[in-house]
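Colleague: I am new to this structure and would love a close look at one part of it. Could you take me to a helix and show me what its buried side packs against, then follow the thread from there?

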Amino acid sequence: MHLSIIIPAYNEEQLITHCLNAVAESLSANARTDFTHEIIVVDNNSADKTAERAKKSGAHVVFEPINQISRARNAGAAAAKGDWFLFVDADSLLNPGMVADILACIDSGRYVGCGSLMKMPESPWWGKVILKTWSIVSITFAWASGALVVCRSDAFREVGGFDQNLYAADEIYLSGLLKQWGRRHGGLKFTILKHHPLITSARKLRLYSGSEIAKQFLKVACSPRKALQNRNKLPIWYDGRRE
């Protein structure tokens, strides 16, 4: 089994090395003779040293000139050769237990893909409430968060990958398509892993006020499709603010 780890990255020079180190440690802890891998970082038109630092860490770097999350993920998948794809955000950290759970999921032959619960260290109390609420929704509907999506590469390609009409929440739409694909191909399931949550950055909760985040999600809730198809209506994802 060959696993392609795909990391979309826009101006992530501060975090990309930490992300890649966590990937390397997690893969090393789960090394076995029938498991190979490749690591692809998608430089999504960064203006900093993201690509340079990714190359220095040994990743294969591809370039996507249009700054859009779904395009970056699809660009990585287009360059990937794996039987399975693992998409993880550059501000997130894999862990050995999670990778072991992913491999067990793959080995079982019962799944088309999976997502994971998340932890956000140092998030404010209201951030913890948001994350807890999302965790319930994620498990209930088997919706992956964008920070981690794992799936069979043939299923990904057949459903058309991430929807490039969307500038956010494309992982939720993909989760639904993968579930449909799985039902048509022997009743394969899409699940959310719970035992070893992905550690992901709480920087958005530090960089944006509670009112800014509330206004953003209210816009999406009131007119989901219209908001999600317009990057100008999604500043929390696209205004480029970094620590």
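Modeller: Happily! The buried residues of α3 pack against four strands and two helices, namely β1 (2-9), β2 (36-43), β3 (60-63), β4, α6 and α7. Helix α3 itself covers residues 69-79, and its buried residues are Ser-70, Ala-72, Arg-73, Asn-74, Ala-75, Gly-76 and Ala-77. Please keep in mind as we go that this is a predicted model.

Let us start with Arg-73, one of those buried residues. Arg-73 lies over the face of Phe-162, 5.2 Å from the centre of the ring. Phe-162 is in turn part of an aromatic cluster that it forms with Phe-85, Phe-87 and Phe-156. By the rule used for ring pairs, the count comes to 8 aromatic pairs. Phe-87 and Phe-162 make an edge-to-face pair, with 5.0 Å from centre to centre and 90° between the planes. Phe-87 belongs to strand β4 (residues 84-88), while Phe-162 sits in the loop between α6 (153-159) and α7 (170-184), so this pair ties together parts that lie 75 residues apart in sequence. Both rings belong to buried residues: Phe-87 has a relative accessible area of 1%, and Phe-162 has 2%. A second arginine sits over a ring elsewhere: Arg-225 lies over the face of Tyr-173, at 5.7 Å from the ring centre.

The loop that holds Phe-162 has another residue worth a look. Ala-169 is also placed between α6 and α7, and its phi is positive, about 65°, although it is not a glycine. Most residues other than glycine have a negative phi. Ala-169 is partly exposed, with a relative accessible area of 22%. Asn-45 is a further non-glycine residue with a positive phi, near 65°. You will find Asn-45 in the loop between β2 and α2 (50-56), and at 38% relative accessibility it counts as partly exposed.

Now to the strands that α3 packs against. How many strands form the open sheet, and in what order? There are 8, arranged as β3-β2-β1-β4-β7-β6-β8-β5, with mixed pairing. The edge strands are β3 and β5, each of which pairs on one side only. Helix α1 (residues 16-29) packs on this sheet too, where it touches β1, β2 and β5, and its direction makes about 165° with that of β1.

Moving along the sheet, strand β7 (residues 148-152) pairs with β6 in the antiparallel sense over 2 bridges, and Cys-114 stands opposite Val-150 in β7. Strand β6 (residues 111-119) runs parallel to β8, and 7 bridges join them; Gly-115, for example, has Ile-192 in β8 as its bridge partner. At the edge, β5 (residues 92-93) is joined by 2 bridges to β8 (residues 189-200), and these two strands run antiparallel. There, Leu-93 stands opposite Ile-199 in β8.

Strand β8 also holds Leu-198, which is buried, with a relative accessible area of 0%. Not counting residues up to four places away in sequence, Leu-198 touches a long list of residues, including Val-88, Leu-93, Leu-94, Met-98, Leu-117, Ala-147 and Leu-148. Its separation from Ala-147 is 51 residues in sequence, yet 8.1 Å in space from C-alpha to C-alpha.

One of the residues touched by Leu-198 is Leu-94, and it leads us to the nonpolar interior. Leaving aside neighbours within four places in sequence, Leu-94 is in contact with Ala-22, Val-23, Ser-26, Leu-86, Val-88, Val-99, Leu-148 and Leu-198. The largest nonpolar core has 36 residues, and those with the most contacts inside it are Ile-5, Ile-7, Val-41, Leu-86 and Leu-94. Helix α4 (residues 96-108) supplies the largest share of this core, 6 residues. Apart from it lies another core, of 27 residues, among them Ile-40, Ala-77, Ala-142 and Ala-155. With Ala-77 we are back at our starting point, as Ala-77 is one of the buried residues of α3.

How values were computed:
Residues are numbered from 1 along each chain as its sequence is written. This is a predicted model: local features need pLDDT of at least 70, side-chain atom pairs count only at pLDDT 80 or more; totals for chains, interfaces and linings use all residues. Side-chain values use heavy atoms; hydrogens and water are left out. Rings of Phe, Tyr and Trp (its six-membered ring) pair if their centres lie within 6.5 Å; planes under 30 degrees apart count as stacked, over 60 as edge-to-face and the rest as tilted. Buried means under 20% relative accessible area, exposed over 50%, partly exposed in between (1.4 Å probe, protein chains only). A charge sits over a ring if NZ of Lys or CZ of Arg is within 6 Å of the ring centre and within 35 degrees of the ring normal. Two strands pair if DSSP finds at least two bridges between them. A nonpolar core is a set of buried Ala, Val, Leu, Ile, Met, Phe, Trp, Tyr and Cys residues joined through side-chain atoms within 4.5 Å. Contact means heavy atoms within 4.5 Å. Axes are lines fitted to C-alpha atoms, for helices over the stretch in contact, and angles run from 0 to 180 degrees between N-to-C directions.
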